[in-house]
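Visitor: Please take a close look at a single part of this model. I would like its geometry, its ends and its surroundings in one connected account.

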Amino acid sequence: MNSLTWIPVNGAQLPCLLLPHASSSLPPLVFLHAGVCDHRLWLQQLQAFAAERSVLAYDRRGYGQARIEAAGEYSHLSDLWAVLDAVGLSRAVLVGCSLGGRLALEAALDRPERVAGLFLVAPAVTGGPTPELSERELAMDAAADAAMDAGDLPAANRALAALWLDGPSSTEGRVGGAARALFLDMDERMLRATPPGTVIEAPAIWPRLEHISAPSELLWGDLDLGYFFPRCEAMVTRMAGARRTVLPGVAHLPSLEAPEAFNTALAAFLATLPS
């Protein structure tokens with residue numbers, strides 16, 4: 001797979017992996033990673049879809065190999081447009097997981113003419129109801145916070161893997177092998193990252209869901225944190241024409257732990273879009 005290119009964006013260098021397709025007329029895919037990962041969350045998808053269209057993934061500030069040259073005010077949304085402009089992508093299908101899904105939604109509301117479709121994986125959403133966690137979810141989240149407060153980053157990393165990779169209803173270590181090793185490396189980089197500065201937040205998403213015009217699909221795993229289920233169902237109802245897919249036996253990061261099932265669902269969605 002091609003090497004990373006660092007794109008200068010307002011006091012930062014953001015690593016970008018672009019696999020261009022010289023002859024495809026299909027809209028490119030831009031993959032936006034979750035808050036406990038980096039662009040490598042999408043390696044299986046980049047490889048699978050590069051044969052038919054251009055694909056891109058990058059590390060946001062505070063993740064992966066992003067370099068902070070001058071900490072200050074920044075906007076993830078402005079960074080996204082800067083990355084796409086730098087590589088010459090005027091319009092794309094956005095595939096976003098968790099915080100990456102939130103960014104995809106913000107982009108679709110900010111510049112709808114540049115978003116050909118939205119494939120959202122258990123997306124974060126601003127301005128909506130406060131998530132209600134179960135007792136077990138609260139305990140697992142508290143364990144991760146306590147480890148970080150104590151400066152025990154390995155313990156925090158393990159706790160976050162149990163919560164987000166395995167899922168709160170699963171036993172710790174349910175997801176093993178290369179997927180777990182990759183998660184732990186991505187999450188550790190996030191935990192040790194240089195603070196990027198002060199983020200400028202986009203307007204709240206939840207009150208504006210009906211304004212999203214891009215063809216959309218929401219996907220979530222049935223082992224994820226419980227509050228995603230009613231939230232995603234409500235979003236499907238409120239976003240005009242949105243589709244839904246629930247993947248059995250996976251938690252918050254289905255593209256990592258079940259790439260074949262995830263790719264099948266993404267391919268089915270892409271087949272519904274105009275070329």
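Guide: A helix here is a DSSP run of H or I with at least four residues, and helices are numbered from the N terminus. The model is predicted. The part to look at is α5, residues 153-166.

Start with its length. α5 has 14 residues, so at 1.5 Å a residue it should span 20 Å. Its end C-alpha atoms lie 18 Å apart, which agrees.

Now the two ends. At the start, a side-chain oxygen of Asp152 comes to within 3.2 Å of the backbone nitrogen of Ala155. After the helix comes Gly167, with a positive phi near 95°.

Next, burial. α5 is mostly covered, with twelve of its 14 residues buried. Among them are Leu153, Leu160, Leu163, Trp164 and Leu165. Several alanines are also buried, including Ala155, Ala156 and Ala159. Asn157 and Asp166 are on the list too. The cover includes α4, α6, α7 (228-238) and α8.

Asn157 deserves a closer look. This residue sits in α5. Its relative accessible area is 6%; buried means under 20%, so Asn157 counts as buried. Leaving out residues up to four places away in sequence, Asn157 touches Phe183, Leu184, Asp187, Glu188 and Leu191.

That leads to α6, residues 177-191. Its buried residues include Phe183, Asp187 and Leu191. The buried residues of α6 pack against α5, and also against α4 (135-149) and α8 (254-257). α6 has 15 residues, so it should span 21 Å, and its end C-alpha atoms are 21 Å apart, which agrees.

Key. Residues are numbered from 1 along each chain as its sequence is written. This is a predicted model: local features need pLDDT of at least 70, side-chain atom pairs count only at pLDDT 80 or more; totals for chains, interfaces and linings use all residues. Side-chain values use heavy atoms; hydrogens and water are left out. Helices (H or I, at least four residues) and strands (E, at least two) are DSSP runs, numbered from the N terminus. The expected span of a helix is 1.5 Å times one less than its number of residues. Buried means under 20% relative accessible area, exposed over 50%, partly exposed in between (1.4 Å probe, protein chains only). Contact means heavy atoms within 4.5 Å. A polar contact is a pair of N or O atoms within 3.5 Å; within protein, one must be able to donate a hydrogen and the other to accept it, and residues adjacent in sequence count only if both atoms are side-chain atoms.
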